[in-house]
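Student: Give me a close look at one part of this model: the interior. I'd like to know what sits there and what it packs against, with enough of the overall picture to make sense of it.

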Amino acid sequence: MRTTVSRHRSAHVRNLGILAHVDAGKTTVTERMLFLTGATHKRGEVHEGTTVTDFDSQERDRGITIFAAAVSCEWNGHRLTVIDTPGHVDFSDEVERSLRVLDGAVAVFDAVAGVEPQSESVWRRADRYGVPRIAFVNKMDRAGADFDAAVASIRERLHPVPLAVQLPIGDESEFTGVVDLVRMRALVWQADGLSERPIPAALAELASHRRRALEEAVAERHTAALDEFVDRSKLSAQTLTAALRELTLGGEIVVVLCGAAYRDRGIEPLLDAVVAYLPAPRDRAPSGGIGPVADPTEPLAALVFKVQATATGRLTFVRLYTGVLRKGDTVSDVGAGRRERVARVLRVQADRHVEVDGAVAGDIVALVGPKAAVGATLAAPHAPVLLEPPTVADPVVSVAVEPKVNADAQRLRLALTRLADEDSSLVVRTDAETGQTLLSGLGELHLEVAVEKIRRDRGIGVTVGRPQVAYRETVLRGVSGMTYRHVKQDGGSGQWAHIVFDVEPLDGADPGAEGMEFRSTVVGGRVPAEFVRAVAAGCRDALAAGPLGDHPVTGVRITLTDGMTHVKDSSELAFRTAARLGVRDALRASVMRLLEPIVEVTVTVPEEFVGAVLGDLAARRGRVAGSTTRTGAVVVTAIVPLAELFGYATRLRSRTQGRGEFTTRPVGYALA
């Protein structure tokens with residue numbers, strides 16, 4: 001099936017993500033959106049394995065979202081491209097890549113639990129990319145649901161200004177609708193669907209009070225709204241809507257709605273809110289120095305944010321920021337320095353594809369033909385531009401992977417290479433000492449899914465070793481005035497470089513500091529600028545493998561204080577080599593320590609099992625950070641070394657009779 005290039009104007013397009021903690025109901029929200037917009041003709045259910053966005057066999061078996069899936073639908077004359085993102089921390093890189101190309105997002109929260117650990121994590125990522133959000137408090141029909149408490153947790157834990165534009169009608173199982181505080185009407189869902197009614201008398205006074213508070217909060221932050229509020233002592237629905245939109249786009253407030261997606265309650269107003277408050281592509285600021293965003297008359301600039309291998313070939317998912325892209329066009333992969341031809345352009349509906357003639361600025365589509373990697377920029381050959389790629393998380397867990405049959409060794413290597421191509425947070429390398437192939441990722445589940453994908457999709461028998469965490473090394477006490485001279489003569493021009501430098505911990509005595517800081521205090525031109533840059537590159541080379549166990553070195557500051565050059569034999573290569581070898585010597589002379597990854601663990605258990613859980617966490621070198629009571633259960637938060645959590649799911653189930661659950665969130669590194 002083929003359609004023509006989209007005729008939607010940029011103002012009538014919304015590219016949004018659905019973000020949430022695992023089990024908050026975001027996939028159900030997405031499925032209800034697709035059903036109500038007519039994109040699907042049957043409600044997809046997570047527990048039945050019939051969802052559109054969770055189409056992978058592992059997603060359906062496990063009942064969780066693993067891979068970000070894009071779907072398109074229409075609502076009130078607007079085309080919505082919705083990306084359902086994973087909620088589990090092990091797949092946070094999928095969320096990161098999606099946020100890089102989205103214009104807005106719907107953050108879904110559980111009405112009982114409120115803000116949960118992964119909710120915080122994805123919220124911070126959205127903050128980093130400046131993605132405007134609205135919030136949807138889901139599962140209002142659950143026992144213990146509390147809309148006001150959920151809104152308060154958003155304010156307290158995420159620190160935005162949440163403005164509720166709805167008031168729930170009914171509690172828990174009696175939740176039947178909402179009061180729309182913007183238009184002051186009641187929306188009630190029954191067996192025959194949604195109906196609009198007057199506000200129930202029992203809620204009239206509260207609704208009037210909440211509307212007044214909403215008007216005052218908006219008037220405090222919006223000039224035009226303030227003028228109308230002063231003149232008329234109230235705001236019209238039109239002014240309130242326009243002000244809420246501008247404040248949302250500016251990141252000053254977060255509009256909050258509520259509902260129960262599983263029971264089809266609250267989705268229509270949520271779709272209306274997406275159109276009313278979230279940005280169109282043209283509303284976002286330019287990216288990476290390109291021209292006006294979503295301008296089809298500008299040269300092409302598109303970012304690759306996902307790669308997927310399918311039975312029919314490789315799909316390259318791109319977001320177009322400017323220009324037009326058509327089937328048969330030749331594009332430039334700017335970073336790789338090569339040109340590629342676009343064989344097909346596809347509008348994606350999860351695992352189904354509709355071929356189109358082309359795409360315009362603001363579109364998210366899949367391409368057949370280009371072999372570009374995740375983070376690559378595809379641009380017009382005559383106007384190359386480089387867009388900022390999404391951040392890639394460093395892997396923290398590794399396993400050895402070997403074929404059960406030696407004849408499958410080559411097939412396994414190819415399968416691992418393709419996996420790493422699809423998922424940039426997976427790293428494949430060969431252990432220099434053992435010769436084993438190591439697969440590294442963001443967690444046990446992440447690696448489990450990757451290995452199972454090889455087994456299912458490639459039919460390769462695989463044996464997997466015990467998980468090992470990815471350690472780092474850091475400097476506790478460095479060296480000053482370290483001198484290194486590199487001299488090499490082997491005929492012709494030689495290599496000559498002389499450097500003097502200091503090595504010290506980054507940020508003083510803080511062992512948890514990450515990264516490397518390089519600076520130069522050389523004066524008088526004793527080391528030319530191009531050689532200083534070469535020294536910095538050599539320092540980075542040296543920090544790739546530390547003296548304690550060839551782990552990457554982090555949390556270090558290196559200062560180039562002096563140096564000398566040779567009139568004939570000095571070069572960038574010589575100074576880079578001198579820095580690499582000199583820093584390695586300096587690290588061996590420094591006091592070094594291992595760092596191990598640590599995570600924040602949030603355990604939810606019935607009260608009678610709290611003692612057993614605390615004892616087990618202490619045995620795992622855990623440090624309890626706090627606990628709260630919630631609806632008959634206790635939520636314990638602790639900081640635990642990642643290495644101590646292997647097999648924790650099984651232990652927790654056995655100690656709580658299967659009634660305990662936990663989530664994790666990486667928080668950095670600490671001294672081992």
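Tutor: Let's fix the word first: a residue is buried when its relative accessible area is under 20%, exposed when it is over 50%, and partly exposed in between. By that yardstick, 55% of the 672 residues of the chain are buried. Keep in mind that this is a predicted model.

Now the frame around that interior. The chain has 15 helices and 36 strands. Its radius of gyration is 28 Å, close to the 26 Å that the globule rule gives for 672 residues, so the chain is as compact as a globular protein of that length. Along the principal axes, the C-alpha atoms take up a box of roughly 95 × 65 × 65 Å. If you take the contacts with a separation of 6 or more, 72% of them join residues 24 or more positions apart.

The outside and the charges can be dealt with quickly. About 28400 Å² of the chain is exposed, and carbon and sulfur atoms supply 49% of that area. There are 81 positive and 86 negative side chains, with the centres of the two sets 4 Å apart.

For a map, use the domain assignment. Domain 1 is written in two pieces, 3-169 + 253-277. After that come domain 2 (301-379), domain 3 (397-465), domain 4 (472-589) and domain 5 (597-671). Going by C-alpha atoms, the centres of domain 3 and domain 5 are 29 Å apart.

On to the interior proper, starting with Val503. You'll find Val503 in strand S30, residues 495-505. Its relative accessibility is 2%, so Val503 counts as buried. What packs against it? Setting aside neighbours within four places in sequence, Val503 is in contact with Val475, Gly478 and Val479, then with Val556, Arg557 and Ile558, and finally with Ala586, Leu587 and Ser590. For a sense of distance, the C-alpha atoms of Val503 and Val354 are 57 Å apart, with their positions 149 residues apart along the chain.

Arg472 is another buried spot, this time with a charged side chain of the kind counted as positive. Arg472 sits in strand S28, residues 472-477. With 11% relative accessibility, Arg472 falls under the 20% cut-off and therefore counts as buried. Its contacts, beyond four places in sequence, take in Asp394 and Pro395, then His551, Pro552 and Thr554, then Arg593, Leu594 and Leu595, and also Tyr669.

Next, Ala107, which belongs to strand S5 (residues 104-110). At a relative accessible area of 4%, Ala107 is buried. Past its neighbours within four places, Ala107 touches Leu19, Trp123, Ile134, Ala135 and Phe136. Ala107 and Leu416 are 309 residues apart in sequence, and their C-alpha atoms are 33 Å apart.

Ser72 shows that a buried strand position can have contacts from well along the sequence. Ser72 lies in strand S3, residues 69-75, and is buried with a relative accessible area of 12%. Residues up to four places away aside, Ser72 touches Leu34, Ala39, Leu80 and Thr81, plus the run Arg347, Val348 and Gln349.

What about a loop? Asp295 is in the loop between helix H9 (267-277) and strand S13 (301-310). Its relative accessibility is 19%, and the cut-off is under 20%, so Asp295 counts as buried. Asp295 touches Tyr321, Thr322, Gly323 and Ala361, not counting residues up to four places away. Arg519, 224 residues from Asp295 in sequence, is 41 Å from it C-alpha to C-alpha.

Two other loop residues make a handy contrast. Lys139, in the loop between strand S6 (133-138) and helix H5 (147-158), has 22% relative accessibility and so counts as partly exposed. Ser233, in the loop between helix H7 (223-232) and helix H8 (237-249), counts as partly exposed too, at 40%. Check the backbone of both: phi is near 60° for Lys139, a positive value in a residue other than glycine, and about 65° for Ser233, which is not a glycine either.

Conventions:
Residues numbered from 1 in each chain as written. Predicted model: local features only at pLDDT ≥ 70, side-chain atom pairs only at ≥ 80, totals over all residues. Heavy atoms only, no water. Helix = DSSP H or I, 4+ residues; strand = E, 2+ residues; numbered from the N terminus. Rg over C-alpha atoms; globule rule 2.2 N^0.38 Å. Buried < 20%, exposed > 50% of the residue type's maximum accessible area, 1.4 Å probe, protein only. Contact = heavy atoms within 4.5 Å. Areas by Shrake-Rupley, 256 points an atom, 1.4 Å probe, with all protein chains shown as cover. Charge placed at Lys NZ, Arg CZ, Asp CG, Glu CD. Domains from an automatic or database assignment.
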